[in-house]
Each structure stands twice: as C-alpha cells, then as structure tokens.
Amino acid sequence: MSEIIVLGAGMVGVGTALALQARGHAVTLIDRKPPGEETSYGNAGIIQSEAAEPYAFPRDPKTLLRFLTGRSNQVRLSPAAVLRMAGPLLGYWANSAPGRHAALSRSYAQLTRRSVDDHGPLIDAAGQGNLIRRAGFFEICRNARALDAQANYARRMETAFAVPFRALDGDAFAREEPSFRSRYAGAIHWTDSWTCANPGALTKSYADLVAARGGRVVVGDASSLVAAGAGWTVHSDAGRVWAQDVVVCLGPWSPQLLAPLGYKVKMVWKRGYHQHFSGAAPLRRPCVDAENGIVLAPMTGGLRMATGAALVNRNAPVDRAQLTFGERAMRREIALGDPVEDQPWVGHRPCLPDMLPLVGKAPRHDRLWLNFGHGHQGFTLGPTTGALLADAMAGHRSDLLKALAPAGRSGTIR
Ligand SMILES: Cc1cc2nc3c(=O)[nH]c(=O)nc-3n(C[C@H](O)[C@H](O)[C@H](O)COP(=O)(O)OP(=O)(O)OC[C@H]3O[C@@H](n4cnc5c(N)ncnc54)[C@H](O)[C@@H]3O)c2cc1C
C-alpha cells in the first residue's frame, strides 16, 4: 500500500481516487475548489457507452467549409485561437484520417463499452440511483436524409462494436417525446447509455465516498507540487501533504501544471456553454439536435441546453452566440420556459490530438502519473480510466494500457 495524492476532483480525479482505494492505497484528493464544480459539473450528463468512436476532426470539405465559415452552430472558432492551437489541431486532423481513426477507435470503444459497468457500483455505493436513468438518449433527425445518414452510422456502430440502438420514425418519436411541436423525420435512440440529472452532484457524491472509505479530500493548489524525498508534496488548507506517488487529473488545466516539470502537452480546448430553463415542457430523455448544435438535457436545475464546441482562447469573454442560436431554434419547437441563470456556464473539453486520454506514467518522472485529456467523454470515462490507471500503477500490462500510456505519444506529450 502506498500514499497517493490525486490532483483534481472532477469525475476523472474522483474515479481515480476510488479505484486506488479499492486496491488498498491511502489517497488524498486535492482540488482548489469543492469536488465536481468545473467541467464535470457543466456537461450534458450522458454516460456514453454508445460513443465507440472518439469525436473526429471533420475531413470532408463541405463540413469543414461550414465550420470555417461559421455556418454551423456545432462549431464556432476564432482565427487567433485556431492559429495558437495550430500544432495540436494539425495533429488532430491527421489522426482523424479514416485508417488512423479506426485504429484509435478500437482502443476507445473498449473504454466507453465498460463505462456503465464501472459507474454502476459507484452510483449504488454513493446512493445516487435517483439521479440516473438507464434509458438512453435521442438524436433528433429533421429530414429523411439526416435520418438515413444517422441510421447508417448507427448500423455501423452496431456491426463493428455491438452498440445497440433503435431507429424511430417521426410518429414513434412523437409518442416518446410529445413535448416537441414539430414533426421530425425521426430519431436514433441509443438505448444502453445512461443519463444523469446532476453531473456535479454525482461527482461530489463520489468524492464523499472517497472520504467515507477513509481517504482525505482537501482544498489545495496543485501548482505548489514539488518533489520531496522519495515522493511529492503539495500545500493544502490542511497543511503540507506528502505522498510517494502523485496522479495529475486536472482536466483542461493539466498542461499548465506539467509545463514547469518540462512537459509540453498538445491540447485542443473545445469550449462549451450551458444554460438552464425553468418551466420548460418535459422531456423524458436528453435530445441531441446536431443540426442546431445543442443538447437538451432534463436536469434537477431545469432543462439544460448545452452547446457544441467553440475554438476560442481560454480566457476569451463569454459569447452567447451558440446558446442564442440554439434558444431561438428550440423556442419554435418546444416550450422552453425562462432562463434560470443571468450568465451561462462556460467550460472547456480537454481534447488531445490523438483523441485518447493520457493514462499512465509520466515519460520522464518516476512516481508521477497522468490521467487526463478525456475530451468529449470525461464524465463517462472517469471511473474507467481511474481503474486502468490503478492497473498501470500496479504494473499490469495490456495492449489497451500501452495505447493509453504517455510514453511513445510524442505528438501529444513531449
Ligand atoms: C458542454 C459540454 C458537454 C459535455 N457533455 C458530456 C457528456 O454528456 N458526457 C461526457 O462523458 N462528457 C461530456 N463532456 C466532457 C466532460 O465534461 C469532461 O471530459 C470531463 O468533465 C473532464 O473531467 P476532468 O475530471 O478531467 O476535469 P474537471 O471536471 O474540469 O476537473 C478538473 C479539476 O481540477 C481542478 N483544478 C484545476 N487547476 C487546479 C489547481 N491549480 N489546483 C487544484 N485543483 C485544480 C479544478 O478545480 C477541477 O475540479 C462535456 C463537456 C462540455 C464542455
């Protein structure tokens, strides 16, 4: 058994802390905020066991042109930010070539496939079953062409990765979600994914479980990390914490922490927003509306509208454009009610050019471990890569661990 510090109490950090405790380690979980208040709070709450393929950089010229010219609400970009992230974006583009993407997906699918099984016992132990629906989510298709394309994609996922789905026509979807006024061509129902009505609360409850199982959950600044003796120390509100090993689970902030240690991490930060609406017509399941670039997810705080990606500088001011577009479009189709917050929530998906999270030992330091870069699916994958990181620390070897290991991924971390 060793003493281990886990830096960052988002879904990835708490998942890691619980997996290390399950193997008998003494864990201190450190965050500068209370657990689950950043990206793991603001997401759409879908535990995406259907996401066998990581989100690729679009390579067909038509889609690319729509994104570049701002004609899609799915992706917005600022030229200055694109220039600043040019290196990581080029790597992302190269890794999204069909052959390479297919190879990466073989690893990725192994992660998402087991995600619900990894969350399940934690949800039970944390007593949070009331927040979870095990009934999937919908992807709305407005016209027959979109429905055909989405159904073809779903069939491919079913054949290649055994991901189950139902294709619904317009009438069947209207029976499932009668709150929509429009009659759509239909929807894809990803049946086996789970959804959470309060992702921040679930993350917090996992952190409470860490404490209930004997771990320490303390407030502290990860940037105070220094090597000390045969281990590491971090300053916290509870005093100086020492441990033999440290795991970096700082999501979008991980590159900042690692820079002074000599690591350059190529990250693409994809900004997303959300806004809640109270008094909205009820939805039974989250609905993804790709054409309007939004997700509508029923949450304890109201109906949450979450946006697609904005490639902007991380400190760029809040830009309501994607939410405004989504709100205008949806008000024509469903009673949305009133906005809950004056200002939308904003956060950044921590995406890596090769689309796989970094899970394993830091390339040039002993006893420094990495678990970050979960991009679009970190809420899904926290418990899964937590368990895999614990395996790596125990010296296990597998093809999957090799694919996720930082060593040898010089296009992602140097
Ligand atoms: C709009 C949107 C919708 C999304 N929808 C989904 C979805 O439906 N399903 C899904 O699986 N994923 C979704 N995601 C992605 C998912 O939210 C992220 O991948 C995931 O939350 C990342 O978790 P994390 O623990 O790595 O990071 P975080 O949750 O951001 O945790 C990092 C922690 O590090 C702490 N920290 C940072 N710096 C320091 C420091 N110096 N000292 C101490 N602590 C520090 C922060 O306070 C924070 O708590 C979505 C993302 C967005 C933006």
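So, the domain annotation. UniProt, in an unreviewed entry, puts "domain: FAD dependent oxidoreductase" at residues 4-391. Keep in mind that what we have up here is a predicted model. Across residues 4-391, the end C-alpha atoms are 14 Å apart. As for secondary structure, that span is 35% helix and 27% strand.

Okay, on to the ligand. How many residues surround the ligand? There are 32, and the closest are Asp-31, Thr-39, Ser-40, Ala-222 and Thr-380. Hang on to Thr-380, please, because name-dropping aside, we'll meet Thr-380 again in a helix contact.

Let me go through a few polar contacts. Met-11 uses its backbone: a polar backbone atom there is 3.3 Å from an oxygen of the ligand. Gln-377 also comes in with a polar backbone atom, 3.4 Å from a ligand oxygen. With Asn-43 we're looking at the side chain, where a polar atom lies 3.3 Å from an oxygen atom of the ligand.

Now the helices, and I'd like to stick with helix 7, residues 115-125. Take helix 13 as its partner, residues 378-393. Their axes come within 8 Å and cross at roughly 75 degrees, which means helix 7 runs roughly perpendicular to helix 13. Which residues make that contact? From helix 7 you've got Ser-115, Asp-118, His-119 and Leu-122, and from helix 13 it's Phe-379, Thr-380, Pro-383 and Thr-384. So there's Thr-380 in the contact, and Thr-380 was also on the list of residues closest to the ligand. By class, this contact has three nonpolar residues, four polar and one charged.

Then there's helix 10, residues 199-212. The axes of helix 7 and helix 10 come within 10 Å, crossing at roughly 75 degrees, so helix 7 is roughly perpendicular to helix 10. Helix 7 brings His-119, Leu-122, Ile-123 and Ala-125 here, while helix 10 supplies Leu-202, Tyr-206 and Leu-209. What's the make-up by class? Six nonpolar, one polar and no charged residues.

If you want something to click on, try His-119 and Leu-122. Both residues appear in the contact with helix 13, and both turn up in the contact with helix 10. That's my bit, thanks.

How values were computed
Residues numbered from 1 in each chain as written. Predicted model: local features only at pLDDT ≥ 70, side-chain atom pairs only at ≥ 80, totals over all residues. Heavy atoms only, no water. Axes fitted to C-alpha atoms, helices over the stretch in contact; angles between N-to-C directions. Helix = DSSP H or I, 4+ residues; strand = E, 2+ residues; numbered from the N terminus. Parallel < 35°, antiparallel > 145°, perpendicular 65-115°, else oblique. Contact = heavy atoms within 4.5 Å. Nonpolar A, V, L, I, M, F, W, Y, C, P; charged D, E, K, R; others polar. UniProt positions renumbered as here; feature names shortened; annotations may be inferred. Near = heavy atom within 4 Å. Polar contact = N/O pair within 3.5 Å; in protein donor to acceptor, adjacent residues only side chain to side chain.
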